[in-house]
Amino acid sequence: MPTDCLFREDSYLQACDARVVALTEQGGIVLDRTVFYATSGGQPGDTGALVAPDGRRVPVETAVYTDQAKTEIAHVPAAGAPALAPGDTVTVEIDWDRRYARMRMHTALHLLSAALPFPVTGGSVGDADGRLDFDIPEAGLDKDAITAELARMVAQNASVTSRWISDAELEANPGLVKTMSVKPPMGNGRVRLIEIEGLDLQPCGGTHVRATGEIGNVRVSAIEKKGKQNRRVRLAFA
Ligand SMILES: [Zn+2]
């Protein structure tokens with residue numbers, strides 16, 4: 001049963017009410033709606049809790065998709081957490097400080113992909129750091145120059161917006177896809193585009209801040225050689 005993924009329309013939602021609709025064989029809790037981002041595209045699933053009206057609190061260690069098409073989310077409870085059953089109503093709460101840090105870092109990685117206009121082969125978002133792997137034949141990358149370029153884009157406070165386009169529109173514009181390893185989720189008929197005004201436009205299902213100024217101070221902490229054709233660029237909050 002598809003989960004109503006509230007974080008896709010509003011990544012700033014920290015809580016919502018929901019109803020348990022199913023339990024997976026692994027013990028994952030499926031809700032009718034959620035604010036939990038589920039592990040995808042190099043960004044880890046949120047942590048937080050499900051709280052029943054009687055006060056029972058179920059800590060959630062992560063959230064994952066149960067299907068290839070990424071339509072249903074299971075919340076993975078901590079070991080020994082109180083049991084919930086289909087039909088139970090809960091308040092859904094994410095660990096906001098952690099999520100917000102990931103939103104800032106994730107958006108910073110979009111800026112990094114704009115600063116370095118090369119194909120991206122992978123990436124990951126952490127709580128205090130993140131990285132992208134680029135298909136770059138020759139190095140010559142300068143940490144300080146890239147950091148300065150990121151600072152310029154953060155200072156612009158450019159707005160970050162999302163919109164949906166059809167699969168057919170995306171297929172007609174293959175240049176929108178920068179990430180070679182992580183194809184945008186297609187087959188649902190529509191794809192979510194993230195635009196950073198004047199700086200970046202690409203399909204992405206992740207969570208982002210509203211404007212680049214919220215990213216704050218971020219710097220290139222390392223550039224590593226990962227094979228002949230690959231450079232890993234790491235970011236950290238300053
Ligand atoms: Zn994104």
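Visitor: Leaving aside neighbours within four places in sequence, which residues is arginine 192 in contact with?

Guide: Contact means heavy atoms within 4.5 Å. By that rule, and not counting neighbours up to four places away in sequence, arginine 192 is in contact with Arg8, Ser162, Arg163, Trp164, Gln202, Pro203, Cys204, Gly205, Gly206 and His208. Before we go on, this is a predicted model, where local features need pLDDT of at least 70 and side-chain atom pairs count only at pLDDT 80 or more, while totals for chains, interfaces and linings use all residues. Residues are numbered from 1 along each chain as its sequence is written, and side-chain values use heavy atoms, with hydrogens and water left out.

Visitor: Where does arginine 192 lie, and is it buried or exposed?

Guide: Helices (H or I, at least four residues) and strands (E, at least two) are DSSP runs, numbered from the N terminus. Arginine 192 belongs to strand 12, residues 190–196. Buried means under 20% relative accessible area, exposed over 50%, and partly exposed in between, with a 1.4 Å probe and protein chains only. At 8%, arginine 192 is buried.

Visitor: What does the side chain of arginine 192 reach at 3.0 Å?

Guide: That would be the backbone oxygen of glycine 206. It is a polar contact, the term for a pair of N or O atoms within 3.5 Å; within protein, one must be able to donate a hydrogen and the other to accept it, and residues adjacent in sequence count only if both atoms are side-chain atoms. Another example joins the side chains of arginine 232 and aspartate 133 at 2.8 Å. Arginine 232 sits in strand 15, residues 230–237, and is buried with a relative accessible area of 15%.

Visitor: How should I read the metal site, and which residues coordinate the zinc ion?

Guide: Look for donors, meaning N, O and S atoms within 2.8 Å of the metal (3.2 Å for Na, K and Ca); water is not among the atoms, so sites may look incomplete. Here the zinc ion is held by His106 (NE2), His110 (NE2), Cys204 (SG) and His208 (NE2), at 1.9 to 2.2 Å. Along the chain these donors follow the spacing H-x3-H-x93-C-x3-H. Histidine 110 is in helix 1 and cysteine 204 in the loop between strand 13 (200–203) and strand 14 (218–225), so this pair ties together parts that are 94 residues apart in sequence. Histidine 110 is buried at 4% relative accessibility, and cysteine 204 is buried at 16%.

Visitor: Why is the site of the zinc ion called tetrahedral?

Guide: Four donors count as tetrahedral if all angles lie between 85 and 135 degrees. The ideal angle for four tetrahedral donors is 109.5 degrees. In this site the angles among the four donor atoms run from 98 to 123°, so it is tetrahedral.

Visitor: What about the nonpolar core: which of its residues touch the most other members?

Guide: A nonpolar core is a set of buried Ala, Val, Leu, Ile, Met, Phe, Trp, Tyr and Cys residues joined through side-chain atoms within 4.5 Å. The largest one here has 53 residues, and Leu50, Val92, Leu112, Leu150 and Leu235 touch the most other members. Helix 1 (residues 96–115) gives the largest share of this core, seven residues. A second, separate core has five residues, including Ile165, Leu170, Val191 and Leu193. Back in the largest core, Leu112 touches Leu132, Phe134, Ile146, Leu150, Val233 and Leu235, not counting residues up to four places away in sequence.

Visitor: And strand pairing: in which sense do strand 6 and strand 7 pair?

Guide: Two strands pair if DSSP finds at least two bridges between them. Strand 6 and strand 7 are antiparallel, with five bridges, and alanine 63 has histidine 75 in strand 7 as its bridge partner. Strand 7 also pairs with strand 3 (residues 29–31), in the antiparallel sense over two bridges. There, valine 30 stands opposite alanine 74.

Visitor: What is the phi of lysine 70, and where is this residue found?

Guide: Lysine 70 has a positive phi of about 60°, although it is not a glycine. You will find lysine 70 in the loop between strand 6 (57–65) and strand 7 (73–77), partly exposed at 26% relative accessible area. Asparagine 157 also has a positive phi, near 50°. Its loop runs between helix 2 (143–155) and strand 11 (160–166), and asparagine 157 is partly exposed at 46%.

Definitions and conventions: Tetrahedral: all angles 85-135°; square planar, octahedral: opposite > 155°, others 65-115°.
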